[in-house]
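Work through the two exercises below with the model open. Each one asks for the protein surface around a nucleic acid strand.

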Protein chains: 4
Amino acid sequence: MPKIGMEPIRRAALVEATIAEIGAAGSLDVTVSAISKRAGMSSALAHHYFGGKDQIFLAAMRHILKAFEAEVRSRLNAARCPRARLEAVISASFWDESFQPSVISAWLNFYVLSQTNSEALRLLRIYQKRLHSNLTHDLRSFCSARAPEIAYGIGALIDGVYIRAALGGPRETVEATQIVLRYLDAELERK
Amino acid sequence: MPKIGMEPIRRAALVEATIAEIGAAGSLDVTVSAISKRAGMSSALAHHYFGGKDQIFLAAMRHILKAFEAEVRSRLNAARCPRARLEAVISASFWDESFQPSVISAWLNFYVLSQTNSEALRLLRIYQKRLHSNLTHDLRSFCSARAPEIAYGIGALIDGVYIRAALGGPRETVEATQIVLRYLDAELERK
Amino acid sequence: MPKIGMEPIRRAALVEATIAEIGAAGSLDVTVSAISKRAGMSSALAHHYFGGKDQIFLAAMRHILKAFEAEVRSRLNAARCPRARLEAVISASFWDESFQPSVISAWLNFYVLSQTNSEALRLLRIYQKRLHSNLTHDLRSFCSARAPEIAYGIGALIDGVYIRAALGGPRETVEATQIVLRYLDAELERK
Amino acid sequence: MPKIGMEPIRRAALVEATIAEIGAAGSLDVTVSAISKRAGMSSALAHHYFGGKDQIFLAAMRHILKAFEAEVRSRLNAARCPRARLEAVISASFWDESFQPSVISAWLNFYVLSQTNSEALRLLRIYQKRLHSNLTHDLRSFCSARAPEIAYGIGALIDGVYIRAALGGPRETVEATQIVLRYLDAELERK
DNA sequence: AATGAATGAGGATTCATTCAT
DNA sequence: GATGAATGAATCCTCATTCAT
């Protein structure tokens, strides 16, 4: 029974199914058929809505980044001072959702895809810039001059810690956050 | 003109060709045929020597890690004091070879593969442990107690900076090294 | 021009083509491509409907056994007394269809496959049991006690005569039936 | 260390290995490599000695038939009267060796091969004629006129019983022999 | 005599994608 | 809107066979 207004629902179902499949496979080697079946529709319909496999992947990536961004916003809104805001941004990277196997898999494949897919690279840049911008903004309260370079270091450290935690089996979210915060403090204490 | 003793030559050619193909494709989506053709032999022979696609990939990974390890050893041997040794270990991660597109691609795919392939994960662990061990050893000269945690942070930062540099187009090797060294100094300065 | 409801048509076409190919090759060394081409479709579609080569073979076997069973039923229905029923069951094994080269080939390969394929063995057992059951039922009218053992002998003799006839070039159907009937009579006359 | 006079040894090793491989596979789908490896030599040497895969198979068949024939001869020599000789011929078909999985597999595949390979068919005919000749010879002592037809029936029954026993899991050799002997007696008792 | 080397040909299977309905 | 039908192209892998040594 085809209904009108199904498109957004179908698209959302496909995005979710894609993330789940990528998580289950650990790679982008997932078939459109498998995704479609998990989403409860035919693969032909998936093509109809997204145009092709790549588009589906990118939509999934956008979804993950959007969810992450929402989490960051939420934590930022709850923070009352620069220090709290810095901690909010950092800890957001290590929230539970980020360590879902499907999200880990998506992120790692995101890096791979960024080498060859310009849209993926664009999304990655947006993520990095937003993180950098958030960090720099609040770092200025402490050390205006070195804010950008510290922000870069923190951004890189977040990625590095994330990958190690993600590939290292169950880790404490808190632990990852503490490592980055210690780096932050070390930099801020200098001079 | 078949000759005896070809095996090591063929294997080496295949490993090199594999790395080149992965680099050209940006992903592990490379065919055994393409690899074999680049290596100047039939795909059947590639299977004969390696047994399967996975084996070829892992051999390529081992090759990259081995070359990296050799570089680290070489730089360590030239260093005359703990500080120089720390700098040797850190800068080795950002030597020119590491930023060859094919090596970048191999590393990124290495992470992806580690999620599902236990041998890949094992190799990754070895790399991480060796790095950690090298760093810890020389850090003890400066701050015996906090050496392990600082080593962990440096290792993670190296990975993070590497990924950002690798996906960010041409970067200064020196710059990447400086970022990590600054982190090192910040930690060491903390009383 | 894809239409709905094609599945049963395609499956039937594939089964028929499989039997024909096995007959032409004389062995199970037939390719899915050849079968599919003969059935007028792509090999991909054959896999889509059957899942794999083995499934196609077994479907063909089931088809042959079903046709044979139908012939037996038909002859049994036309028989009016136990003796006529025994003759019906025996002669059915040697009806014209059974000596089609493709059917002969299928049967011989059936035996081979039964060594390693449990589903094939299952089907073979069903055939043997049905034959045994049919024979025993009507033999009881003549010699209740020895019915099972005579039935076993007749079943075995049918198989043996069939193979010899099948591999011996053109034979008289009647002749094969007569040999088995003579055995039947010899047993019934005893004592 | 190539030695002279190795040829017969190599050939015998290959024949034995072939039978073993066929038994292990249950079909003729065995590779020359596997056979050669089991025989302790390279596949190239196997080709050198036999010329091709088919030749190797046929050599294996000849070996089995030769062994069987020797067993028959041996039992015939020990028999002192026509009846004993008939029993010798019949029981020989069901000696232990015949129920080795590898021999069973060879026989079943022999039938399959006989459809398309004239040499295989020729060997099969020789086996059948020899059996028929042996049986007829001694049956003449009891019923000169019907000897040929009885011999044909016994030959067919032997094959049928053998297949059923072979595919039916562990059976009593004696049982199989008894079934055929009962048929013999039933025929001889007539009139 | 014996083999490692090497390959061409082929085969099962998968999959993204298209299309008529 | 939605899907079953259908396929071409590709991919991994196998194997009999040949050949230089």
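**Exercise 1.** Describe the protein surroundings of DNA strand E in this predicted model.

Step 1: list the neighbours. DNA strand E is surrounded by 39 residues. The closest are A:His47, B:Arg10, C:His47, C:Lys53 and D:Tyr49.

Step 2: split the strand atoms. Sugar or phosphate holds 73% of the DNA strand E atoms within 4 Å of the protein, and bases hold the rest.

Step 3: find phosphate contacts. A side-chain N or O atom of A:His47 sits 2.7 Å from a phosphate oxygen of DNA strand E. For a polar side-chain atom of D:Arg10, the distance to a phosphate oxygen is 3.1 Å. For a side-chain N or O atom of D:His48, it is 3.2 Å.

Step 4: assign elements. H3(D) gives the largest share of the surface near DNA strand E, four residues.

Step 5: classify. The surface near DNA strand E has 19 nonpolar, 13 polar and seven charged residues.

**Exercise 2.** Do the same for DNA strand F.

Step 1: list the neighbours. 39 residues surround DNA strand F, and the closest are A:His48, A:Tyr49, B:Lys53, C:Arg10 and D:His47. Of the strand F atoms within 4 Å of the protein, 72% are sugar and phosphate.

Step 2: separate side chain from backbone. C:Arg10 places a polar side-chain atom 2.7 Å from a phosphate oxygen of DNA strand F. Backbone atoms take part too: a polar one of B:Val32 is 3.1 Å from a phosphate oxygen, and a backbone N or O atom of C:Ser42 is 3.1 Å from a phosphate oxygen.

Step 3: assign elements. H3(A) gives the most to the surface near DNA strand F, with four residues.

Step 4: classify. That surface divides into 19 nonpolar, 13 polar and seven charged residues.

Note on methods: Residues are numbered from 1 along each chain as its sequence is written. Chains are lettered from A and ligands numbered from 1 in the order in which they are written. This is a predicted model: local features need pLDDT of at least 70, side-chain atom pairs count only at pLDDT 80 or more; totals for chains, interfaces and linings use all residues. Side-chain values use heavy atoms; hydrogens and water are left out. A residue is near a molecule or strand if one of its heavy atoms lies within 4 Å of it. A polar contact is a pair of N or O atoms within 3.5 Å; within protein, one must be able to donate a hydrogen and the other to accept it, and residues adjacent in sequence count only if both atoms are side-chain atoms. Helices (H or I, at least four residues) and strands (E, at least two) are DSSP runs, numbered from the N terminus. Ala, Val, Leu, Ile, Met, Phe, Trp, Tyr, Cys and Pro count as nonpolar, Asp, Glu, Lys and Arg as charged, and the others, Gly among them, as polar.
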